[in-house]
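Visitor: Please take a close look at a single part of this model. Then set that part against the rest of the chain.

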Amino acid sequence: MKSQLLRSITVTGLLAVFCLAAVCEENAGQTASSLFQQGVTAYETGDYSGALKLFRKMQEDFPRSARAVRGWEYIALCENKLGDPYAAFEAYQQIFDNHKEFTRMDVIIRNQMRIGSHYLEYKRYSVAEKIFSQILENAPFGNDAALAHYSLGMTEYYLKKFGAARESFEAVLQNFPTSQLVDDSAFMLGIVDSAAAVEADYDQTSTDRAIASFRNYIREFPTADRVGDAQQHIRALRDRKAQSLYDQAYYYDYSGHAKSAIMHYELLVSEYPDTDCADKAKMRLAALKGEPVQGVPRDKETAGGPTPGGGSRCR
């Protein structure tokens, strides 16, 4: 009898707990819904600060409510309206981190891309880099992945992270060969290598790679809009290579090492015959060898030669 009574009390107690939990859950749902509706009303009337407080309270008190995802979207909208796009990005990120079941992640990615593009446009490159990197972590092969890689490459280029920028542009070429950004990415490889060449100064490896990148761009995309620009870059890079050789020849020339100077001048004329440095090298070769230069007056044959305090610039 006693055991039967205990079982009855226990069952009754459990039913009471279950009922209480159900009531609490129902009340919570109503409260989350109420906060959400108040937030929407405030947003639609232009009270973005008030709406933001309501939506954030809803997320804090009821993070798993049925309105949670829409709540984060409204938080992002409010933050944008209040002038804090990065806080909006973080709100969208909450959906990725805590609501994997959401079926429209492509919309969230697109909104995050807009925020990243905003920071890129306004030259907030470090912030843009962080955003595009996170987008690629969220959806490495999503609909906007090619654009995210390209945009990340641009931010890294502006931050002078040339190695990382090269990897980003190469990712577009390798992983998204049908993207409309492949030709722009191929062109930017040349730009990145050119910038790296300037940073390297005396190391001509980056210059050689930049020339190769631009030539590859012209070969792969012969009708692209920037072929002319690529050709101009190649000419400038060849001038740079010629200048480097001329600097070496000039050093030997000025130091009295005629044989070494002649060797470098001749290499310059052979490899870069269409540059300004080649014309000066021809005149110095003629002077060193005691030969006249066809079409050049005798009083100008030694032009560009080494003189104390002089320079070695070809132009």
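Guide: One definition comes before the close look. A helix here is a DSSP run of H or I, at least four residues long, and helices are numbered from the N terminus. The model is predicted.

The part to examine is helix 13. It covers residues 276-289, which makes 14 residues. From its first C-alpha to its last it reaches 20 Å. That is close to the 20 Å expected at 1.5 Å a residue.

Just after helix 13 comes Gly290, with a positive phi of about 70°. Most residues other than glycine have a negative phi. Keep that rule in mind for two lysines further on.

Now the cover. Buried means under 20% relative accessible area. By that cut-off, the buried residues of helix 13 are Cys277, Ala278, Lys280, Ala281, Met283, Arg284, Leu285 and Ala286. Lys280 and Arg284 are on that list, as are Met283 and Leu285. An α-helix has 3.6 residues a turn, so residues three or four places apart point the same way. The cover over the buried residues of helix 13 includes helix 11 (227-255) and helix 12 (258-271).

Ala281 leads on to the cores. A nonpolar core of 15 residues has Ala281 among its members, along with Tyr250, Leu268 and Cys314. This core lies apart from the largest one. The largest nonpolar core has 69 residues. Within the largest core, Phe55, Phe169 and Tyr217 have the most contacts. Helix 9 (residues 182-200) gives the most to it, with nine residues. In soluble globular proteins, nonpolar side chains tend to be buried together.

Take Tyr217 as a sample of the largest core. Leaving out residues up to four places away in sequence, Tyr217 touches Asp183, Ala186, Phe187, Ala224, Asp225, Arg226, Val227 and Ala230.

Back to helix 11, part of the cover on helix 13. Ser255 is found in helix 11. Its relative accessibility is 33%, so Ser255 counts as partly exposed. The side chain of Ser255 reaches the backbone oxygen of Tyr251 at 2.7 Å.

A contrast sits in helix 10 (residues 205-220), the place of Thr207. Thr207 counts as buried because its relative accessibility is 0%. Beyond four places in sequence, Thr207 touches Ala197, Leu237, Arg240 and Lys241.

Helix 3 makes a good comparison for helix 13. It spans residues 68-81 and has 14 residues. Its reach is 20 Å, close to the 20 Å expected. Helix 3 is mostly covered, with 10 of its 14 residues buried. Trp72, Glu73, Tyr74 and Ile75 are among them; so are Cys78 and Glu79. After helix 3 comes Gly83, whose phi is positive, near 85°.

Now the two lysines. Phi of Lys123 is near 60°, a positive value in a residue other than glycine. Lys123 is found in the loop between helix 5 (105-121) and helix 6 (125-138). At 60% relative accessibility it passes the over 50% mark, so Lys123 counts as exposed. Lys160 also has a positive phi, near 65°. Its loop runs between helix 7 (145-158) and helix 8 (162-175). Lys160 counts as exposed because its relative accessibility is 56%.

Step back to the whole chain. It has 13 helices and zero strands. Of its 315 residues, 43% count as buried. Take contacts between residues at least 6 apart in sequence: 49% of them join residues at least 24 apart. The accessible surface comes to about 18,000 Å². Carbon and sulfur atoms hold 52% of that surface.

Last, confidence. The mean pLDDT of the chain is 87, and 83% of its residues reach 70 or more. Over residues 5-26 the pLDDT is below 50, and this stretch has zero contacts beyond near neighbours in sequence. Residues 295-304 also stay under 50. For that stretch the model has 18 contacts beyond four places in sequence. Where pLDDT is low, the predicted coordinates should not be read in detail.

Conventions:
Residues numbered from 1 in each chain as written. Predicted model: local features only at pLDDT ≥ 70, side-chain atom pairs only at ≥ 80, totals over all residues. Heavy atoms only, no water. Expected span 1.5 Å × (residues − 1). Buried < 20%, exposed > 50% of the residue type's maximum accessible area, 1.4 Å probe, protein only. Contact = heavy atoms within 4.5 Å. Areas by Shrake-Rupley, 256 points an atom, 1.4 Å probe, with all protein chains shown as cover. pLDDT = per-residue confidence, 0-100. Core = buried A, V, L, I, M, F, W, Y, C linked by side-chain atoms within 4.5 Å. Polar contact = N/O pair within 3.5 Å; in protein donor to acceptor, adjacent residues only side chain to side chain.
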